[in-house]
Amino acid sequence: MVNALDVVLWVVAPYLAITVFVLGHVWRYRYDKFGWTTRSSQMYESRLLRIGSPLFHFGILVVLLGHIGGLVIPKSWTEAAGVSEEAYHITAVVLGTVAGVATLGGLAILIYRRRTVGPVFTATTRNDKLMYAVLALVIVLGLAATIAANVVGGGYDYRTTISPWFRSIFYLQPDPALMAGAPPLFQLHALSALLLFAIWPFTRLVHMLTAPVGYLTRPYVVYRSRDDQRGSRKPRRGWEPTR
């Protein structure tokens, strides 16, 4: 049976998170282009960053691809492609667990670096602290749900409940009953992910949705020398003085 709380959690909350995610990015791009950046702190410390950043980013990339494959691609498609349920389950659990551990380890290093390195901690905003906390919560709950259901427990096929619910949101035919019967850890993981998407536009995570495409067509940078004695050598083409 579906009650009012189920409708709020699995119908209202997803659409609210999606609305804030989309409109928040539009607002941020329009009114805070200068702040649309990762605010890199590499100049303050690089040793821990060289370890934690690749570990986190490669791990989260595998996690993201796994979620896209598990939530977006219907179970019938993989079966039609000749991928058995057992093969899919083993691959998803192994890769998901390894990627989750790598992501969590990388994030732990980045948080430790941000807390213990003075200049980096000084440059940390309240939004950064909130983002790190919610991101860590999402990763921990996702990893815990995977281990509890598929490693410790007898297994749980989320592609028969959570995946159809996820797709039903975008079909504009949400079915909260599918999520109402999911294990609590999976429910908490989904709710924490909705919270992450809601705060996403107001954090440094916006950099994931951009690419430096403009560098391909940007004009030359004009360099003006303050030295009046430039020498007798003829300047190369494109480096002529502007006056």
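# Exercises on cores, rings and helix α9

Not counting its neighbours within four places in sequence, Leu135 is in contact with Phe56, Leu107 and Leu196 (contact means heavy atoms within 4.5 Å). Keep in mind that this is a predicted model, where local features need pLDDT of at least 70, side-chain atom pairs count only at pLDDT 80 or more, and totals for chains, interfaces and linings use all residues. Residues are numbered from 1 along each chain as its sequence is written, and side-chain values use heavy atoms, with hydrogens and water left out.

**Exercise 1.** Work out which residues of the largest nonpolar core touch the most other members, and which helices supply that core.

*Step 1.* Pin down the terms: a nonpolar core is a set of buried Ala, Val, Leu, Ile, Met, Phe, Trp, Tyr and Cys residues joined through side-chain atoms within 4.5 Å. Buried means under 20% relative accessible area, exposed means over 50%, and partly exposed is in between, using a 1.4 Å probe and protein chains only.

*Step 2.* The largest core has 17 residues, and Phe56, Leu107, Leu135 and Leu196 touch the most other members.

*Step 3.* Helices α2, α4 (85-116), α6 and α9 each supply at least two residues of this core; helices here are DSSP runs of H or I, at least four residues long, numbered from the N terminus. With seven residues, α6 gives the most.

*Step 4.* Don't stop there: another core of 12 residues lies apart from this one, and its members include Trp10, Ala145, Ala149 and Phe186.

**Exercise 2.** Place Ser192 in its helix and describe its surroundings.

*Step 1.* Ser192 is in α9, residues 184-199. This helix has 16 residues and spans 23 Å from first C-alpha to last, close to the 22 Å expected at 1.5 Å a residue (expected span is 1.5 Å times one less than the number of residues).

*Step 2.* Ser192 counts as buried because its relative accessibility is 5%. Other buried residues of α9 include Phe186, His189, Leu196 and Ile199.

*Step 3.* Look at what does the covering: α1 (4-31), α2 (47-72), α6 (126-152), α7 (162-170) and α8 (176-180) are among the elements over the buried residues of α9. For Ser192 itself, leaving out residues up to four places away in sequence, the residues touched are Val134, Leu137, Val138 and Leu141.

*Step 4.* Back inside the helix, the Ser192 side chain reaches the backbone oxygen of His189 at 2.8 Å.

**Exercise 3.** Describe the ring pairs Trp10–Trp165 and Tyr29–Trp36.

*Step 1.* Rings of Phe, Tyr and Trp (its six-membered ring) pair if their centres lie within 6.5 Å; planes under 30 degrees apart count as stacked, over 60 as edge-to-face and the rest as tilted. The whole structure has nine such pairs.

*Step 2.* Trp10 and Trp165 sit 5.7 Å apart centre to centre, with 85° between the planes, and that's edge-to-face. This pair joins distant parts of the chain, with Trp10 in α1 and Trp165 in α7, 155 residues apart. Both Trp10 and Trp165 are buried.

*Step 3.* Tyr29 and Trp36 are edge-to-face too, at 5.7 Å and 90°. Tyr29 is partly exposed, because its relative accessible area is 48%, whereas Trp36 counts as buried at 17%.

Technical notes
Polar contact = N/O pair within 3.5 Å; in protein donor to acceptor, adjacent residues only side chain to side chain.
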